[in-house]
Amino acid sequence: MKIYICLILYFFTATSIDAQELYPICEPASNVPKGTLGVRVFDESYKEVSIYRHMFGIKLMYGLTPKLSIYVSACMSNHHSPVLPVGLTTHTHSGNKTIYTTGNITRGVQYPYEFNGDDLYIKYRFVTSDGQNSHFRMAAYGELSYVNEAHDETEPTLLDDNSGFGAGIITTYLIHHFAATFTTGIVLPVAYNGYAPDPYGGADVATKLVYGNAVIYNLSFGYLLYPRHYKNYSQTNWNVYIEFMGKSYGEAKVYQGPQMVSSPILTPLLQAGNYIEIYPGIQCIIKSDLRIDFSIGYPFLGTSYVRFYPVYMFGIQRYFYGK
Amino acid sequence: MKGLTIILLCLCFFSYFSGAQITEVEIGVNGLTCSQCSRTVEMRIRKLSFVKNVEMNLEHTEGKILFKNGAQVNIDKIAQAVNDAGFSVRYLQASFTFDHIDLAPSGCFEFDKDNYVLINTQKKELKGTTTLKFIGKKFLPKKDFDKWQPYMKNSCAGNNSKVYFVTM
């Protein structure tokens, strides 16, 4: 914890260097230049018990106007079982009455790689206040995801785990010594309808899993390590980042047939929660064109149950300016 | 004889336009904070058909733009290219090569098919190489533009077309 505080203080007190807002995870309020195509490939990975989980994705970015950018993403992962897990629900009998409860979901199970889904993200910059080496910008974004995966935790994550809608506001402030971006928004996931295996060997049971809505609050800082002074485009840029990724989400509701079976919820995977993760990251930009970044995520306050720590994030991105 | 006259007229015509041209633009760009951003601005400006070369000064977030010989320079498109890249013009000044222009009291003059109003100056003529700063919403931060706005009056006789406001 001390090292994080020291790093943050260093960011705030560093002098004579422009900051960077090309965050590995969060989007800044700035846009993709008009008529420019950006391509990003990325991987998120972590070890879950003894299984390595990966999510590979591709993101295409395009500047429709100087203030309006559109992003289309698709990804594949080995995050999900083809059907809801056997431990999602269980039941006992009391006389002629059946009492359903949520069960314990086994972690570290090998799942096949599947195409998760796709995501449309639109960002509009509505405040621009530029100075010679500074800017203050605000943007609004809207996001729509189509994912058809048997996601078995209440925390919603668009593109990877859930279909749904997201929207929010991004604020970026950059002045000589540091850049900071605050993102806040909502995630409204769509419920999953599928089948869960009967724990006693009967036929699969039609199951509806309603995920909790979420509020996100992310704070990112960026800092240019090298070069100390720009001379030409061939200088490789080295940037360091710290991103705090926060989320609060509601508890899940599980229905089997017409009956809600999720009261009380026994597993934290389906209970309401909140957390903040910290992602220190490093980035190099080669010839002012090819961007390569790497971050490692740890729990900062609380923990997410949709991934295990540390989380490794790797991305490569390039802009194509056209003729 | 008729043919020779035509050739001579053509030579005069082309020499007039190749001499009276904007030869260079210097531009300051606000909001630039990284070399990738600067490169984006350069790439957008390079796309303009009349641009020969762009040299960006990453340290001072400025650029020098050179033009193809004889090409008509469109200053609006340069400012728009900066805007399209996602940034703002801090200043834009151009080097004009004038043969000789007598200025109207209103400061109006025509140059390379564009209309200009020279404001805030006592100059009565323009000749040789002169650097003029462009005044306008596209060419200045809002705070600077607001200072200039009271002086921006288009009183060029019979001219309702677009004008560029410039100052020394």
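In this predicted model, B:Leu92 is in contact with B:Val25, B:Ile27, B:Ile75, B:Ile78, B:Ala79, B:Phe134 and B:Phe139, leaving aside its neighbours within four places in sequence. B:Leu92 also belongs to the largest nonpolar core, which has 54 residues. B:Leu92 is among the residues with the most contacts inside that core, together with B:Ile27, B:Val41, B:Ile78 and B:Val82. Apart from this core lies another, of 13 residues, including A:Leu84, A:Tyr192, A:Leu269 and A:Tyr305. In soluble globular proteins, nonpolar side chains tend to be buried together.

Strand E3 of chain B covers residues 62–67, and its side chains alternate. B:Gly63, B:Ile65 and B:Phe67 point to one face and are buried, while B:Glu62, B:Lys64 and B:Leu66 point to the other and are not. In a regular strand the side chains alternate between the two faces of the sheet.

E3(B) pairs with two strands, as the table shows.

| Strand paired with E3(B) | Sense | Bridges | One bridge |
|---|---|---|---|
| E1(B), residues 22–30 | antiparallel | five | B:Glu26 with B:Lys64 |
| E2(B), residues 51–57 | antiparallel | six | B:Val54 with B:Ile65 |

The hairpin of E2(B) and E3(B) has four residues between the strands, and B:Thr61 takes a positive phi near 50° there.

Between the chains, 20 residues of chain B are in contact with 29 residues of chain A. On the side of chain B that touches chain A, helix H2 (35–46), helix H3 (75–84) and strand E4 (88–102) each supply at least two residues. The largest share, six residues, comes from H2(B). By class, this side of chain B has five nonpolar, 10 polar and five charged residues.

Conventions. Residues numbered from 1 in each chain as written. Chains lettered and ligands numbered in written order. Predicted model: local features only at pLDDT ≥ 70, side-chain atom pairs only at ≥ 80, totals over all residues. Core = buried A, V, L, I, M, F, W, Y, C linked by C-beta atoms within 7 Å. Buried ≥ 20, exposed ≤ 12 C-beta atoms within 10 Å, placed from the backbone. Contact = placed C-beta atoms within 7 Å. Nonpolar A, V, L, I, M, F, W, Y, C, P; charged D, E, K, R; others polar. Pairing = 2+ DSSP bridges.
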